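This report describes how strands and helices are arranged in one protein chain. Please keep the sequence and the structure in view while reading.

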Amino acid sequence: MSSPLMQLRGVSVGYKSRRSTSLVLSDLNLDLNGGEVTILLGANGGGKSTLLRTLARSQPPLFGRIEIEGRDIARLPQVDLAKNVGLVLTDKLSLGAMTALELVELGRYPYTNWAGSLTKHDEFIARQALDLVGAAHLATRSVDEMSDGERQRVTVARALAQQPKILVLDEPTAFLDVTARAELLTTLRNLARTTSMAVVLSCHDLDLALRTADVIWLLNRRGDLDVGAPEDLIENGTIGAVFSSPLVAFSAADRTVVARNPLLGTACVIGPEPRIRLASTLLQREGFAPSFDRELDGIQVVMSEQGWKLTVGDHEQHGTSYEELGRSIRFVTSTTAGTENA
């Protein structure tokens, strides 16, 4: 195994003024390894952005030492820092009539001469960065005319144009739709694998993060970090402890939070995959625990390629869509409840 690209030893982060010090996270001992995606999870206000800014030297640590391949980050010249760390924040900048390509080309500044002249190689790297984030078609568009999601892609491309060893991103998926979020995280994962870059980012998409990350940094309810592979933190219950509440529970099977619906009973589900899996999800939403026990009394749902059959006692209903199945189950539930209350 190779040595970590970045190491934090005894690091505390927060804010310091002449009169006071506000400590956010303390005594952190963390590693960032090349070729890995590390995702920082936790509630808002817990210090995620503060930690990420500290990793990129946008603000100094209160205590401790951060090293990049053995070099103290505090002592790196700005140009060397830019060649090692790329930073993407959620802050919006007013960029006037600057095009996407012009913005991305600014990421080449650590490699240009005093006049900022770009070589053909610099232009190639900038266009490649746009292509990597699926924004090549935006090259000639004015950044100020773009949607939030388009601007986010271009901002990520600017950081990639620096060709950093470590890429730090604060909520890069914040303004993207569902498909674009998955595409961006997949792109970042592929970049980490193919370039041996270390990628660290904060994210609120729990299921996507747990399916993408190699390492999770989890801000827990104690105000510090739990570290491990997603599977480690799922198995030991740490993820569940942070993301469960009286109204929702963390589902290890789905890797996301699900509503704590009142349990009305158990329902037998029979049929082919993936139809029984979809039917099981519907039943859970309606308050029934799915079972594969054919001898179970009560509700039975038989799925086929053509549709479904719902059996409750001597009564049968048939249909084709899950929408119809949901309505039928709700009707049965309300009818039963009405009978019991009569």
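## Two open sheets and their helices

In this predicted model, residue T266 stands opposite A289, which belongs to strand β14. That strand is joined by 4 bridges to β13 (residues 265–270), and the two run parallel. Both strands belong to an open sheet of 5 strands, ordered β14-β13-β15-β16-β17, in which the pairing is mixed. At the edges of this sheet are β14 (288–291) and β17 (315–319), each of which pairs on one side only. From one strand to the next, the twist averages 25 degrees.

Another open sheet has 4 strands in the order β2-β1-β4-β5, and its pairing is antiparallel. Its edge strands are β2 (21–32) and β5 (71–72), each paired on one side only. Strand β4 (residues 63–68) is joined to β5 by 2 bridges, and these strands run antiparallel. Here E67 stands opposite D72 of β5.

Which helix lies across β13, β14 and β15? Helix α10 does so, and β15 covers residues 299–303. Helix α1, in turn, lies across β1, β2 and β4. The table sets out these two helices with the angle given for each.

| Helix | Strands it lies across | Angle |
|---|---|---|
| α10 (residues 275–285) | β13, β14 and β15 (299–303) | about 165 degrees to β13 |
| α1 (residues 48–55) | β1 (6–16), β2 and β4 | about 120 degrees to β1 |

Edge strands also appear among those covered: α10 lies across β14, an edge strand, and α1 lies across β2, also an edge strand.

Key
Residues numbered from 1 in each chain as written. Predicted model: local features only at pLDDT ≥ 70, side-chain atom pairs only at ≥ 80, totals over all residues. Heavy atoms only, no water. Pairing = 2+ DSSP bridges. Axes fitted to C-alpha atoms, helices over the stretch in contact; angles between N-to-C directions. Contact = heavy atoms within 4.5 Å.
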